[in-house]
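Trainee: Please choose one helix of this model and describe it closely, together with the elements around it. I should also like to know how far the model can be trusted.

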Amino acid sequence: MVSTDSQNAAPTRSTVGVTDLLKGVAQMAPDALSMVRHAPGFLIKSPAQKRTIGLIFQKLAHKHPDRPFVRFEGETITYGEANRIVNRYSAVLAERGVTTGDVVGVLAENSATDLLVILAALKLGAVAGMLNYNQHGHVIDHSMGLLNAKVLVRDPQCVEAWETMSPDAKPEHVLDFAELDAAAEGKPDADPAVTAQLPASTTAFYIFTSGTTGLPKASMMSHNRWMANYDGIGGLAARLRPSDTMYVALPMYHNNALSVSLGAVLAGGACIAVARKFSASRFWDDVIANRATAFCYIGELCRYLLAQPEKPTDRGHAVRVIVGNGMRPEIWEEFSERFGVGRIVEFYGASELNLAFVNAFNVSRTAGFCPLPFKVVEYEADGSPKRDANGRLRTVRKGEPGLLIAEISERVPLDGYTDDTETEKKIIRDAFKDGDAYFNSGDLVRQQGFLHIAFVDRLGDTFRWKGENVATTEVESALGTFDAVEQAAVYGVEVPGCDGRAGMAALTLAQGAELDGKALAAHLYEALPTYAVPLFLRLVPQLEATTTFKNRKVELRDEAYTDTGDDRVLVLASRAEGYVPIYDGFTDEVAGVKASN
């Protein structure tokens, strides 16, 4: 069954039925034994259990030392050799005072070294603080302040982030890759004693997210929560085998790479092939060269691949399963048929969310199912949950879009952010009865039945573009520091053929000011990550005098760049040209993803 609605014109599956589930169960039969092994870990999580990422990797390394673990740019490192390198890196970090609970900042593009550094921190019980190398200036300083890292390990490739970082933001101990390797020479390669003693409740990662508003927040991920990816998405849904290779072109600071892909690889004792960066034109060549049988995706990546001209490599690969989120319903079958992908393991989750949905039954056009407690409820125009006359929330009927909220309990705890105040902002209390608590996902979904959902849209003061969450207040702040701009309201708008929402800003100009589109673009590229620079500007006579413009933003978002009356609309022609009046064909250029090639 297919339906459409005003929020999402894509053909979404309205219901999931018994027949869908039975077909999925039949496909699971060859992997039944491995699924039985992972089912208990998914259903029963004990924070006190001595079960961590480093220990799982270590056990695999001792059991299968000659099995390939990581491939990068033509070189393969086995599980055994990788573990020895990791242990030497751990010794270097320990010499610099890193112990359980300390933070090791990781500023790196994808590489084998990047992954091994992460594992080295985890084996000590330290937290790997995953910095986004697209950040720079005051934003990277802010992120470093949240980490409070004892050691920073940096990739020399991440020049801008490093060179714009304030001296005061840098920890006492900083090592680039070459310095780390030099320091690791001659160090013992025995497993750290602490690795086997760490409880699953130990914090594993700080993953940066825009959360709802403002500068980036560091969401915490414990080893225990990571196990949901390992056992659930990896063991029960992706079901990789030792002969498989998972190709990862998404950055390691991205949850899909760090948790989902690594979890799936370790669950199957498989190999991970790491690409430094994603390239649409070279993607399938790289997949073939790495002998990959699986890869991880976000929706934008899949659209980029479909936008490429057809060529023999479209089917000249051995990929049988892909894992990720954001696969648009209208391209689901097209992608599967063109590239010959048998299973699309779509999932829904977020770095800060305490549950995840996964398409374990290989049903098309669904984000999958989740056995953990959640509700889909009515919501206000600004994205907040709607309360009735008694102050309680109300669920929506199956098939209707609503706000997804996840129950918080001892069984399903919330790791949250490093800042307790920010965590509390996302918690809904006394939702259905006194004393209950739910986490507000900020996302609009549709219930499909049998605990399945379909993602519809993102609500509130963030939007997703180029696979990244963009915080409207951060963009508004950058616009507000430009002399000609008096006020700014930022929101996301849909662009045909694109995933997520592109940035758009409604601006009022200072009295007597003229807008220099080229200068404004240069200013924004200096102040913001590239993906956060708005594509559209709308010059308006006035904005409501509130701090967030929430109600006005709903109207502005709905009007987008087409229903703007007499207001001038400018578009970002290029980094060099800056903002120019909107012209025919601009949205086609955006959808053409030229920059991805």
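Mentor: The mean pLDDT of the chain (the predictor's confidence in each residue, from 0 to 100) is 90, and 94% of the residues reach 70 or more. The model is predicted, so local features need pLDDT of at least 70 and side-chain atom pairs count only at 80 or more, whereas totals for chains, interfaces and linings use all residues. Residues are numbered from 1 along each chain as its sequence is written, and side-chain values use heavy atoms, without hydrogens or water. Two stretches call for caution. Over residues 1–10 pLDDT stays under 50, and the model has 26 contacts (heavy atoms within 4.5 Å) for them beyond four places in sequence. Residues 545–551 also stay under 50, with eight contacts beyond four places in sequence.

The helix I have chosen is α16, which spans residues 517–527; helices are DSSP runs of H or I with at least four residues, strands runs of E with at least two, numbered from the N terminus. At its start, a side-chain oxygen of D516 comes to within 3.2 Å of the backbone nitrogen of K518. Buried in α16 (under 20% relative accessible area, with exposed over 50%, 1.4 Å probe, protein chains only) are G517, L520, A521, L524, Y525 and A527. Viewed along the axis of α16, these buried residues fall within an arc of 165° (taken from the directions from the axis to the C-beta atoms), so they line one face of the helix. The face turned away from that buried side carries K518 and E526, which are exposed.

What do the buried residues of α16 pack against? Two helices are among the partners, α6 (138–147) and α15 (472–480). The strands are β26 (502–509), β27 (536–539), β28 (568–574) and β29 (578–581).

These four strands belong to an open sheet of five, in the order β25-β26-β27-β28-β29, with mixed pairing. The edges are held by β25 (485–493) and β29, each with a single partner strand, so one side of each has no neighbour in the sheet. On average, neighbouring strands of this sheet are turned by 30° against each other, direction ignored. Helix α15 packs on the sheet as well, touching β25 and β26, and its direction makes about 150° with that of β25. For such angles, axes are lines fitted to C-alpha atoms, for helices over the stretch in contact, and values run from 0 to 180 degrees between N-to-C directions. Helix α16 lies across β26, β27, β28 and β29 and runs at about 140° to β29.

Within the sheet, β26 and β27 run parallel and are joined by four bridges, where pairing requires at least two DSSP bridges. One residue pair can be named here: A506 has R538 in β27 as its bridge partner.

Taken together, α16 has a buried face that packs against elements including α6, α15 and β28, while K518 and E526 are exposed on the face turned away. K518 also figures at the start of α16, where its backbone nitrogen has a side-chain oxygen of D516 within 3.2 Å. On the strand side, β29 is both an edge strand of the sheet and one of the strands that α16 lies across. Strand β26, in turn, is touched by α15, lies under the span of α16 and is joined to β27 by four bridges.

Key:
Polar contact = N/O pair within 3.5 Å; in protein donor to acceptor, adjacent residues only side chain to side chain.
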